[in-house]
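Work through the exercises below with the sequence and the 3D structure open. Try each task before reading its solution.

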There are 2 protein chains.
Amino acid sequence: MSVNQYMQELGEKARVASRYIARADSVKKNLALLKMAEALDESRQALIAANKVDIEHAIVKNIPAAMLDRLRIDDAGIDKMIESLKQVASLPDPVGSIDDMRYLDSGIQLGKMRVPLGVIGIIYESRPNVTIEAASLCLKSGNATILRGGSEAIHSNQAIALCIAKGLEQAELPAEVVQVVSTTDRAAVGKLITMTESVDIIIPRGGKGLIERISRDAKVPVIKHLDGICHVYVDAQADLQKATEIAINAKTRRYGVCNAMETLLVHRDVAVPLLAQLCELFGQKSVELRGCERSRKIVPQLLIAVEEDWSTEYLAAILSIKIVDDLAEAIEHINHYGSAHTDAIITESYANSRIFLREVDSSSVMVNASTAFADGFEYGLGAEIGISTDKIHVRGPVGLEGLTSQKYIVLGNGEIRS
Amino acid sequence: MSVNQYMQELGEKARVASRYIARADSVKKNLALLKMAEALDESRQALIAANKVDIEHAIVKNIPAAMLDRLRIDDAGIDKMIESLKQVASLPDPVGSIDDMRYLDSGIQLGKMRVPLGVIGIIYESRPNVTIEAASLCLKSGNATILRGGSEAIHSNQAIALCIAKGLEQAELPAEVVQVVSTTDRAAVGKLITMTESVDIIIPRGGKGLIERISRDAKVPVIKHLDGICHVYVDAQADLQKATEIAINAKTRRYGVCNAMETLLVHRDVAVPLLAQLCELFGQKSVELRGCERSRKIVPQLLIAVEEDWSTEYLAAILSIKIVDDLAEAIEHINHYGSAHTDAIITESYANSRIFLREVDSSSVMVNASTAFADGFEYGLGAEIGISTDKIHVRGPVGLEGLTSQKYIVLGNGEIRS
């Protein structure tokens with residue numbers, strides 16, 4: 001069978017299974033999740049053995065250490081997967097919830113009922129735990145899923161797939177509700193993202209290259225998470241103590257995450273006192289600082305920031321710093337160079353906070369809070385399948401609701417339209 | 001200048017203008033709408049003269065009468081455009097509205113603010129009034145628009161474009177907020193739907209052929225409105241009086257609309273009394289009836305419905321009728337042959353109404369009400385740019401909200417993440 005045929009069949013099976021899972025009640029879905037957790041727990045040896053095969057191949061292939069790290073499954077990793085399954089099981093079921101029910105003049109009662117999207121295709125790279133995360137969130141939101149992990153994790157993913165299948169079986173749900181692609185042929189991805197008949201949405205998880213490639217070639221709609229070039233703007237009317245704490249937190253809490261600050265914008269009026277204090281603190285944490293010309297006049301030891309710095313997601317202990325004349329320049333800079341992910345203003349000015357909230361066009365816009373809060377768990381979504389930097393369908397952290405749609409429901413008593 | 005260059009420039013100007021209009025307050029936007037209405041009123045002669053040129057070309061080209069009818073602008077048509085502008089001006093502004101504001105455990109306050117999508121491309125056919133409808137809804141929702149009407153309406157659309165430009169100018173808004181494509185070259189559409197840098201969403205309005213073609217070739221996300229193969233299912237426990245009234249209303253209120261019933265499904269237990277009565281009433285209205293084998297045993301004069309009938313949107317005085325054994329068969333039929341637009345059950349059974357509401361996968365699902373209610377005005381949206389048969393981004397009638405997205409906003413007091 002060709003890869004295209006194989007994927008075609010996977011898609012058709014997923015479409016059929018999506019009808020079952022859309023109707024399944026919460027009890028059954030939660031049972032499947034908990035049984036998957038049990039299966040993982042019972043399969044620790046098999047999982048670690050399968051993962052060892054992947055790791056050995058990866059070492060032979062000279063794969064970078066960071067990637068190896070993401071690929072590895074140990075007992076603690078399995079514990080985390082089990083935990084995440086239990087957590088998703090404990091979340092409220094979004095499917096069937098009804099909003100905005102109201103009577104209209106014609107006598108009909110109108111509302112919106114939340115429904116699954118149908119079939120979700122997930123394309124990811126080397127982290128095998130994504131298999132569990134994605135499967136559990138899609139299942140709980142009533143969707144069928146086709147999962148395509150990186151080829152370097154194929155043995156790990158197949159071992160996890162067995163546990164998922166066991167859980168579905170024990171809850172008497174069709175095995176095709178979650179299908180893990182078993183071929184490492186790259187053509188499988190190309191096919192998956194064009195199967196508009198059988199796939200409703202594609203969620204790529206991974207580096208910018210992967211996501212751009214998929215967005216370019218996909219025929220199926222894509223929920224994109226591109227880069228996180230996040231800004232903190234310290235206003236003329238900022239509380240400098242808050243500004244300092246937030247800037248340090250937003251940059252140094254974790255470097256490799258998309259909600260970390262990459263550029264600090266400072267109003268000229270507060271640049272001298274703020275930068276003196278901040279540069280010392282960043283220095284203690286060995287953060288490399290690159291500044292604009294004006295900031296280098298205040299702190300001469302700053303490296304030179306070049307044009308490219310303003311549109312770079314460092315994901316590292318590097319920060320670019322720019323002094324601006326006013327709020328308008330800060331907003332202009334953010335909307336121009338940013339990635340519409342998360343941006344914060346530090347200010348005690350009511351008027352400036354309102355302008356910033358309204359005019360910054362990002363998925364999360366914050367006042368006097370650290371960009372590090374932009375996260376599904378922190379936002380109370382319970383779990384997160386990614387952060388959408390798109391405006392279509394869903395924006396910002398994507399939880400269970402982001403994997404659903406709403407249909408109108410009308411309750412009448414024989415009404416006809418005149 | 002090539003068509004591609006021309007469209008590219010249009011896109012870039014729209015992107016710049018979108019930032020202005022996103023920030024414009026309601027007063028300014030409403031002023032522009034009302035000034036457009038004034039301009040239309042003052043330009044009646046010019047509009048009708050421009051339209052006459054299109055009509056004459058169309059007659060030479062032997063365009064069908066129905067299309068000619070849609071193309072024509074008369075005084076009553078101008079009145080309607082003026083009315084629709086006033087109505088959109090009177091609607092609440094969705095931009096900036098904040099939902100779900102709440103405090104989280106970390107101390108931050110989280111909510112969602114409604115924001116424009118950015119730049120919307122509208123592609124439509126011969127009706128020039130769409131120029132006004134689309135421009136007004138996109139403007140009110142804070143978006144910049146690129147409008148591409150059918151080549152047969154080019155003179156009418158350019159005359160309307162002048163009125164739109166006047167309105168924008170008098171409200172001191174950039175002219176590029178609404179741009180009407182001035183070339184009839186088809187390559188303009190091909191370019192428009194692939195300009196992912198400058199266009200955020202495409203809304204095609206017109207026949208199925210147009211929409212399928214655009215969906216197939218677009219790189220920009222598309223809000224689709226495919227066909228309306230709407231069903232009314234009369235359950236065993238239906239009130240037959242209600243069933244009769246609703247069936248007649250759903251089919252005969254207007255034939256050429258997407259929310260008209262195309263197939264009547266009848267539970268076998270009520271087929272004899274219902275069909276006897278209904279067929280007589282439909283006969284009086286000269287509706288052509290095509291039945292399944294079983295229904296033809298009850299009403300022998302029914303024409304034979306063939307397989308193709310179940311998936312045909314007649315948009316005409318034709319109805320297909322099928323007798324089913326139970327609710328499950330009805331739902332199966334709807335989900336298989338329907339177009340996920342609007343479907344209704346007529347029943348007095350609480351249990352059956354719940355199953356139907358949950359399991360029918362359509363943008364509007366109704367109990368004891370006519371499918372004719374599936375409409376933006378009836379749903380209280382105030383206006384409608386189309387009905388989405390998609391599940392992504394927006395489903396069902398699309399009003400101002402459907403042309404917006406939501407961003408997260410976070411209000412803090414110096415919180416950092418641990």
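The exercises treat the two chains, the surface where they meet, and the sheets and helices.

This is a predicted model, in which local features need pLDDT of at least 70, side-chain atom pairs count only at pLDDT 80 or more, and totals for chains, interfaces and linings use all residues. Residues are numbered from 1 along each chain as its sequence is written, while chains are lettered from A and ligands numbered from 1 in the order in which they are written.

**Exercise 1. The two copies**

Find the rotation that superposes chain B on chain A, and state how the copies are related.

Solution.
- Step 1. Copies are superposed by least squares on the C-alpha atoms of residues with pLDDT of at least 70 in both.
- Step 2. Chain B falls on chain A after a rotation of 180° with 0.0 Å of shift along the axis, and the RMSD is 0.0 Å.
- Step 3. The two copies are therefore related as by a two-fold rotation axis.
- Step 4. Of the residues of chain B, H393(B) comes closest to that axis, with its C-alpha at 1.7 Å.

**Exercise 2. The contact surface**

Describe the side of chain B that touches chain A: which elements contribute to it, and how do its residues divide into nonpolar, polar and charged?

Solution.
- Step 1. Two residues are in contact if their C-beta atoms, placed from the backbone, lie within 7 Å. By this rule, 55 residues of chain B are in contact with 55 residues of chain A.
- Step 2. Helices (H or I, at least four residues) and strands (E, at least two) are DSSP runs, numbered from the N terminus. The elements of chain B that give two or more residues to this side are strand 2 (109-116), helix 10 (240-252), helix 14 (350-359), strand 13 (364-369) and strand 16 (404-415).
- Step 3. Strand 16 of chain B supplies the largest share, 11 residues.
- Step 4. Ala, Val, Leu, Ile, Met, Phe, Trp, Tyr, Cys and Pro count as nonpolar, Asp, Glu, Lys and Arg as charged, and the others, Gly among them, as polar. The residues on this side of chain B are 23 nonpolar, 17 polar and 15 charged.
- Step 5. The copies meet through the same surface, because 100% of the interface residues of chain B are also interface residues in chain A.

**Exercise 3. A sheet with strands from both chains**

Trace the open sheet of 10 strands and locate its edge strands.

Solution.
- Step 1. Two strands pair if DSSP finds at least two bridges between them.
- Step 2. The order is 10(A)-9(A)-11(A)-8(A)-7(A)-12(A)-13(A)-16(B)-2(B)-1(B), with mixed pairing.
- Step 3. Strand 10 (303-304) of chain A and strand 1 (98-103) of chain B are the edge strands, since each pairs on one side only.
- Step 4. Strand 13 of chain A runs parallel to strand 16 of chain B, joined by 5 bridges; V367(A) has L411(B) as its bridge partner there.
- Step 5. Strand 2 of chain B and strand 16 of chain B are antiparallel and share 8 bridges, with G111(B) opposite I409(B).

**Exercise 4. The sheet of four strands in chain A**

Give the strand order and the pairing of the open sheet of 4 strands in chain A.

Solution.
- Step 1. The order is 5-4-3-6, and the pairing is parallel.
- Step 2. The edge strands are strand 5 (178-180) and strand 6 of chain A.
- Step 3. The twist averages 15° from one strand to the next.
- Step 4. Strand 3 (residues 119-124) and strand 6 of chain A pair over 5 bridges; G121(A) is bridged to I202(A).
- Step 5. Strand 4 (residues 144-148) and strand 5 of chain A pair over 3 bridges, and L147(A) stands opposite V180(A).

**Exercise 5. Burial and helix length**

Is strand 6 of chain A buried or exposed, and what span should helix 6 of chain A have?

Solution.
- Step 1. A residue is buried if 20 or more other C-beta atoms lie within 10 Å of its own, exposed if 12 or fewer, and partly exposed in between; C-beta atoms are placed from the backbone.
- Step 2. Strand 6 (residues 201-205) of chain A is largely enclosed by the rest of the structure, because 4 of its 5 residues are buried.
- Step 3. Helix 6 (residues 129-140) of chain A is also largely enclosed, because 11 of its 12 residues are buried; among them are V130(A), E133(A) and K140(A).
- Step 4. The expected span of a helix is 1.5 Å times one less than its number of residues. The 12 residues of helix 6 of chain A should therefore span 16 Å, which agrees with the 17 Å between its end C-alpha atoms.
- Step 5. Just after this helix, G142(A) takes a positive phi of about 80°.

Notes
Axes are lines fitted to C-alpha atoms, for helices over the stretch in contact, and angles run from 0 to 180 degrees between N-to-C directions.
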